[in-house]
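Hi everyone, thanks for making time this morning. I'd like to walk you through some charged pairs, so let me put the sequence and the structure on the screen.

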Amino acid sequence: MIRLLCLACLWMTGLGAVVSNASDSGDSSTPNSVAVPASDEPTPPGVAPADAGRWQLIWRDEFDGSALDETKWSYRGLGPRESANIARDCVTLDGHGLLHLWVKEEGGVLQNGMIGTQRKFETRFGIMAARIRFPRQQGQHGSFWMQPAAGEKTPNDAARSGAEVDIIEWFGAGRKDSGAASNVYWPGSEKLNRVGHMMDLHDLLPKGETLGDDFHVYSVEWSPKGYLFRVDGREMMRITDGISFQPQYLILSLLTSDWETAQLDHAQLPNSMDVDWVRVWQTDAPELGSVK
């Protein structure tokens, strides 16, 4: 049986109310990546042109600088995690529009990168999207996900408790499944509830290509009716259970969990998950979105 890691093991306590919905206006072109038209007002992926005007870009990071913008992001979970260590120096910017989250090895200990917007940007409903190139190899997993900023942790009530929303998890190339998954988790009576599954990427990618070969845009449209997961604007999955009505914050991570590290080729380290941008759109009528 192929084991699927859930990021829910990193479920954390609530971290406060909505703090910021600010946006900046920068944009960038990215070297060594798929060309994307530059725009001061990019439209959300997968939204019909006739509906694009209803969506407002409320938050973004284009990673244009040479250091992490700590008005938008915090280093998350620094310190030991299982047999690895989450470290600040596993988060870098190249000065040309890319954020890198690294897996490295120092003194025989694997080092991982993770950042989040907790206490800096937390919002409710909208379209959350990121343009990412994942590392190819197994033994690690790259993720773009959300956690609730607060919530009552009421069993079986995601509306009150909030939910972990794994917009994309990538477990590496060469698996029997696609290596990519989207899931939603929320508290149950005895354990976490989970809805979601591995993605079918056959109609999305050229034959022989994986999500570790190039940049792709991963997004979720989150409304009071559910979650619509897209890759490159194409619908991949709809989930209508576990709907959070709580403010949530964004997380980017590249982690090595003990269950998967036997597959990691240490000779290929360091390797990185590369992020071009992260953007969030909202509409004043989320119930009229694409999730029916």
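Which residue forms a salt bridge with E70? The partner is R88, and the closest N and O atoms are 3.7 Å apart. Please keep in mind that we are looking at a predicted model. Now for where these two sit: E70 is in the loop between β1 and β2, while R88 is in the loop between β4 (84-86) and β5 (91-93), so this pair ties together parts that are 18 residues apart in sequence. As for accessibility, E70 is partly exposed at 40%, and R88 is partly exposed as well, with a relative accessible area of 44%.

Let's move on to another group. Salt bridges with shared partners join R60, E62 and R279 into one network. Here E62 meets R60 side chain to side chain, at 2.8 Å from N to O. E62 also has a salt bridge with R279, and there the N to O distance is 3.0 Å. What does that second pair tie together? R279 belongs to strand β17 (residues 271-282) and E62 to the loop between β1 (56-61) and β2 (74-75), so the contact links parts that are 217 residues apart in sequence.

And are these residues buried or exposed? R60 and E62 are both buried; for E62 the relative accessible area is 1%. R279 counts as buried too, because its relative accessibility is 6% and the cut-off for buried is under 20%.

To put these pairs in context, searching the whole structure turns up 10 salt bridges. Thanks, friends, and I'm happy to rotate the view for anyone.

Note on methods:
Residues numbered from 1 in each chain as written. Predicted model: local features only at pLDDT ≥ 70, side-chain atom pairs only at ≥ 80, totals over all residues. Heavy atoms only, no water. Salt bridge = Lys/Arg side-chain N within 4 Å of Asp/Glu carboxyl O. Buried < 20%, exposed > 50% of the residue type's maximum accessible area, 1.4 Å probe, protein only. Helix = DSSP H or I, 4+ residues; strand = E, 2+ residues; numbered from the N terminus.
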